[in-house]
Amino acid sequence: MTSSDPKTDLHRYLRYAREAVLWKLDGVSEYDVRRPMTPTGTNLLGLVKHLGTIEFGYFGDTFGRPADEPLTKLDFEADPTADMWATVDESREDIIAFYHRAWAHADATIDALDLTTEGSVPWWTKDRVVTLHRILVHVTTETNRHAGHADIVRELIDGAAGLLPHNDNMPTGDPAWWQNYRATLENTAKQAAGLE
């Protein structure tokens, strides 16, 4: 059995999730990367902006390592969704570069601190004192959660689905197979609901 280092493992999963999120922007038009795809406005570029903001916050402010990043100083009192969408003046390249800077800042914090290092999350109302271990788990979980959102949003935009470009993790790429599968699910749902 191979021994494993928990910090290295957690960091690897965080990096994997980051890449999955960014891949969802590949090949998407400027309109589609920004347009709201759910009633609550979920959009691909907004997810990336949000994830950059949380990485700067959790791996920066929490551990006394703030970054001089204008996008982390958004006015959430005026707009509680300020980090969930890109303004007209914020290009796709700007947001992706912001996310990459967040990665670098977070990675430096992860590399510099032990998992037992304590910090304080200023925006939490209780249980503010945390360890790097807890924040790594929290941010990795949140990144994967938003990667799932990005999966669905991208599929709604153009049908593209899958985990990563080199490993889509899908059973098949055959459109006819998927059409039949979806029809089977629709029929099953109707039967279960007594609609047929």
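Is Leu185 buried, partly exposed or exposed, and what is its relative accessible area? In this predicted model, Leu185 has a relative accessible area of 43%, so it counts as partly exposed. The residue is part of helix 6, which runs over residues 175-192. Together with Trp177 and Tyr181, Leu185 makes up a nonpolar patch of about 290 Å² on the surface. As for how such a patch can line up, an α-helix has 3.6 residues a turn, so residues three or four places apart point the same way.

Next comes the inside of the model. Nonpolar side chains tend to be buried together in soluble globular proteins. Here, the largest nonpolar core holds 41 residues, and those touching the most other members are Leu44, Phe59, Leu132, Ile135 and Leu136. Two or more residues each come from helix 1 (6-23), helix 3 (44-59), helix 4 (92-112) and helix 5. Helix 3 puts in the most, with nine residues.

Helix 5 takes in residues 132-158, and its length can be checked. With 27 residues at 1.5 Å a residue, helix 5 should span 39 Å, and the C-alpha atoms at its ends sit 38 Å apart, so the two values agree. Just past the end of helix 5 comes Gly159, with a positive phi of about 85°.

Then there is Asp32, found in helix 2 (residues 30-34). Its relative accessible area is just 16%, and the cut-off for buried is under 20%, so Asp32 is buried. Even so placed, the Asp32 side chain has a polar partner: it contacts the side chain of Arg35 at 2.7 Å.

Definitions and conventions. Residues numbered from 1 in each chain as written. Predicted model: local features only at pLDDT ≥ 70, side-chain atom pairs only at ≥ 80, totals over all residues. Heavy atoms only, no water. Patch = residues over 30% accessible without salt bridge, like charges linked within 9 Å, V, L, I, M, F, W, Y side chains within 5 Å. Areas by Shrake-Rupley, 256 points an atom, 1.4 Å probe, with all protein chains shown as cover. Salt bridge = Lys/Arg side-chain N within 4 Å of Asp/Glu carboxyl O. Helix = DSSP H or I, 4+ residues; strand = E, 2+ residues; numbered from the N terminus. Buried < 20%, exposed > 50% of the residue type's maximum accessible area, 1.4 Å probe, protein only. Expected span 1.5 Å × (residues − 1). Polar contact = N/O pair within 3.5 Å; in protein donor to acceptor, adjacent residues only side chain to side chain. Core = buried A, V, L, I, M, F, W, Y, C linked by side-chain atoms within 4.5 Å.
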